[in-house]
Number of protein chains: 2
Amino acid sequence: MDKFALIFKALSDKTRLRIINLLVQFGKELCVCEIVDSLDEPQYKISKHLKELKFAGLVEEKKEGKWVNYSLIASEGQFKKFLFKAIASIPKDITGGDENRLKARLFLRKNGECVVGLESKQWKMMLKELKKERMI
Amino acid sequence: MDKFALIFKALSDKTRLRIINLLVQFGKELCVCEIVDSLDEPQYKISKHLKELKFAGLVEEKKEGKWVNYSLIASEGQFKKFLFKAIASIPKDITGGDENRLKARLFLRKNGECVVGLESKQWKMMLKELKKERMI
DNA sequence: ATAATAAATGCCTGAATGGGCATATGAGTA
DNA sequence: TACTCATATGCCCATTCAGGCATTTATTAT
């Protein structure tokens with residue numbers, strides 16, 4: 001029971017819910033810096049929240065050199081499946097900003113991998129474009 | 001987004017999750033004293049937690065004289081439906097105590113309504129029986 | 001009117017929480 | 001070696017939270 005309450009607690013913070021939402025929408029693993037840029041929040045903040053999500057058993061990390069990718073852990077019975085379906089059903093007029101930023105951020109990948117760090121020049125230019133075109 | 005985080009926060013406490021679990025399992029409205037007896041927790045504690053669940057939009061109350069019944073609010077898109085399915089899938093070897101107590105407590109209803117209050121003599125006798133038969 | 005009872009609330013305390021800032025870790029690179 | 005960069009962590013502060021206890025509110029029964 002505590003285990004399930006812990007999962008809900010992990011989702012009870014807006015920032016953490018936004019992170020999980022991104023992972024649910026994208027379906028595959030995301031690099032920390034991609035999450036940071038997509039949510040437009042400080043790196044230390046994302047890092048701490050990822051730690052809590054990991055503690056709750058919702059995500060796992062995969063280190064690749066300097067880079068760290070996070071992905072959902074969907075196993076263990078039906079519970080998480082329904083939970084992620086619930087999160088997937090959150091109307092995107094609320095989450096759209098994050099998802100649009102992520103979509104743009106993913107254009108910076110090479111061969112399906114993240115190759116630019118936090119708040120890179122390329123990313124700042126893209127952000128400016130997005131704002132100009134009212135995408136975020 | 002905050003609205004959804006608030007819902008998760010409401011479920012992030014073990015006692016509140018147990019209350020919602022009972023309502024999900026039973027499917028119909030429950031009287032406050034039935035919840036109190038089923039969870040075997042102080043009345044003020046249940047009352048406060050019900051208030052938070054109500055604030056999050058998960059339950060609604062229906063007053064009938066001295067008695068108050070609570071039930072789930074399941075409407076509003078797919079979100080809560082999946083959420084309640086997730087909760088319904090929590091293994092009952094964890095929640096069984098609550099559910100067995102509720103099952104027994106419901107025997108005290110007359111015409112489908114709760115007619116005995118908190119920690120009544122009848123309930124205490126039932127509890128003793130349940131313990132003797134290792135049902136809880 | 002008074003008592004009894006179902007449910008809600010106010011106050012207190014210790015513990016946990018999230019954000020901000022600075023700093024540390026640890027891996028690649030010049 | 002020294003440096004850069006991606007990520008993690010330690011410390012501080014203000015706020016929130018859950019539980020316990022006493023009390024109140026509201027409705028029914030005597």
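Q: At what angle do the axes of helix 2 of chain A and helix 6 of chain A cross?
A: This is a predicted model, so let's take one pair of helices in it as a starting point. The two axes come within 10 Å of each other, and they cross at roughly 55 degrees.

Q: Are helix 2 of chain A and helix 6 of chain A parallel, perpendicular or oblique to each other?
A: Roughly parallel would need an angle under 35 degrees, and roughly perpendicular 65 to 115. The crossing here is at roughly 55 degrees. The two helices are therefore oblique.

Q: Which residues of helix 6 of chain A make the contact with helix 2 of chain A?
A: From helix 2 of chain A come Arg18(A), Asn21(A), Leu22(A), Gln25(A) and Phe26(A). The contact as a whole divides into three nonpolar, three polar and three charged residues. On the side of helix 6 of chain A, the partners are Thr95(A), Asp98(A), Glu99(A) and Leu102(A).

Q: Which helices of chain A each supply at least two residues to the side that touches chain B?
A: The contact between the chains takes 23 residues from chain A and 23 residues from chain B. On the chain A side, at least two residues each come from helix 1 (2-10), helix 2 (14-26), helix 5 (79-88) and helix 6 (92-106).

Q: Which element gives the most to the surface near DNA strand D?
A: Of the 22 residues around this strand, Val32(A), Cys33(A), Tyr44(A), Gly117(A) and Gly65(B) come nearest. Elements giving two or more residues include helix 3 (32-39) of chain A and helix 4 (43-55) of chain B. With six residues, the one that gives the most is helix 4 of chain A.

Definitions and conventions:
Residues numbered from 1 in each chain as written. Chains lettered and ligands numbered in written order. Predicted model: local features only at pLDDT ≥ 70, side-chain atom pairs only at ≥ 80, totals over all residues. Contact = placed C-beta atoms within 7 Å. Helix = DSSP H or I, 4+ residues; strand = E, 2+ residues; numbered from the N terminus. Near = placed C-beta within 6 Å. Axes fitted to C-alpha atoms, helices over the stretch in contact; angles between N-to-C directions. Parallel < 35°, antiparallel > 145°, perpendicular 65-115°, else oblique. Nonpolar A, V, L, I, M, F, W, Y, C, P; charged D, E, K, R; others polar.
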